[in-house]
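I opened my notebook to write down what I looked up in this structure, one topic at a time.

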Amino acid sequence: MDRFAFMRACREGGVAIEQALRTLDQCYCRILLTEAIRGLHDSDAAADLVQETFIKVWQRCATFQGDSELLPWIRSILRHGLIDRLRARAREVPLDDEQDPDLEVGARIADLSREQIPTPDVQARRRQQDECFRLCWERFQRTAPAHALVMSWIVEDGLTNEEIAQLLGRTPGATREFISQCRKRARIHLAEWRQLVADDAENPAAADV
Amino acid sequence: MTEDDDSLWFETLAGRGSANGSHPAAIEARALRTAILSQPRDIAVSVPLQDPRREASLLERARREGLLVDSLDLGPATRHLRASSPLRGHYATGRALRNRTRVRYGLAAVAAVVFVGTAFVTLVRPPPHAPTLRGSSGGIVRLETSDPRSLQRELLSELNSAGVSATPYERLGGRGVDADLPQPVPENVRAILARHHIKTPADGVLRVEIVESRGP
């Protein structure tokens, strides 16, 4: 949807809003639903969040200045809602610096053995790494969904500290701490994958075979 | 993991900057970035471009939220007129607007009464139980009190009065206050924290979580 048409509809109100809601739904439903499912892993909850986002878009339409495209602005509203929902599901338990990462790594490797992820052979090492990462990442998403989601946004959209602070509704200092928590949690949940990568780095010849 | 270390990790993860490329934090973040980017981004979501049921549900919700006038029931006498009117779906106009204004004045009056009542009760009632420190972990101070809302407001107001820009937040089951304290932390701010049994954070990042006490 054209941002100027959106702003016009916002000014005019009435029938223009009803029509614009339909247009927004047609233009962005799929993109937003994909993003919401990715974060929530629940298609009903995701559809509800998308609908809620469209409503918020109109409730806040007067704050849209038109100096950026419409989609990034709408997406940030959706992401804000996503974070809120993920936070509501589970209370954050911060990880201390004092926690022994080796113990955690050991525990994760034991988990890995129990889940019977195949021992990587040399030829398929790269594929094994990818598969290992996928499994670890899924576990990370289940255990710390908000942290995993924000990390993927950082990678894909290059979010800055300020942008993340805005999404989280926290101060820059608290956001830095959140990012530090992302790193600590990722280290724990991706321990097996990190181990594989480290093994390859130590023995590159084997990895090249 | 130091703050600089985390910062380098974060910037590399976001794909920014190549300074300190051989630093362990940068290597860690680069490997992670590559792995995340190699994951499939798009989930196969089958969504028709136009879906009358989806649209109807969205418009219904918009009406419920008061975005569209049909959320106001003006009575059976006008219902059929609205149904056939070209202005159907319009923002509140005329009588609808007057009705809505009346409703708003009514709500404002109720809110004023509630506010005055609450203020009266707050002034007369003895202060809530003093907060007790439940614990502190990962830099987050947890306070327990019988009235988290009041304690949050009190802490916020005291910090703001002391020139600290503090941010309140609310999550399911708890409230809290975040603030980046000026460095060095002024005496009056230290005094406020001490009064609430909060240890002054060494890094200046104050994170307080307030939960409701369960028992007497």
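My entries below go from the model itself to one chain, then to the contact between chains.

**Entry 1: the model.** I noted at the start that this is a predicted model, in which local features need pLDDT of at least 70 and side-chain atom pairs count only at pLDDT 80 or more, while totals for chains, interfaces and linings use all residues. Residues are numbered from 1 along each chain as its sequence is written, and chains are lettered from A and ligands numbered from 1 in the order in which they are written. I copied down the scores of the model, ipTM 0.74 and pTM 0.58.

**Entry 2: confidence in chain B.** I looked up pLDDT, the predictor's confidence in each residue, from 0 to 100, and found a mean of 73 for chain B, with 64% of its residues at 70 or more. Among the elements of chain B, helix α2 (residues 24–37) has the highest mean pLDDT, 91, and helix α4 (residues 76–84) the lowest, 38. Over residues 71–98 of chain B pLDDT stays under 50, and I found the same limit holding over residues 122–129 of chain B. I reminded myself that where pLDDT is low, the predicted coordinates should not be read in detail.

**Entry 3: the elements of chain B.** I listed seven helices and five strands in chain B, taken as DSSP runs (helices H or I, at least four residues; strands E, at least two) and numbered from the N terminus. Of the 216 residues of chain B, 24% count as buried, that is, with 20 or more other C-beta atoms, placed from the backbone, within 10 Å of their own.

**Entry 4: where the chains touch.** Counting residues as in contact if their C-beta atoms, placed from the backbone, lie within 7 Å, I found 51 residues from chain B and 48 residues from chain A in the contact. The largest share of the side of chain B that touches chain A comes from α3(B), with seven residues.

**Entry 5: two packed helices.** Helix α3 (residues 43–59) of chain A packs against helix α3 (residues 52–64) of chain B at an angle of about 50 degrees, and their axes are 10 Å apart. That makes α3(A) oblique to α3(B), because angles under 35 degrees count as roughly parallel, over 145 as roughly antiparallel, 65 to 115 as roughly perpendicular and the rest as oblique. I recorded that A:Q51, A:F54 and A:I55 of α3(A) make the contact with B:S57, B:L58, B:R61 and B:A62 of α3(B).

Technical notes: Axes fitted to C-alpha atoms, helices over the stretch in contact; angles between N-to-C directions. Contact = placed C-beta atoms within 7 Å. Buried ≥ 20, exposed ≤ 12 C-beta atoms within 10 Å, placed from the backbone.
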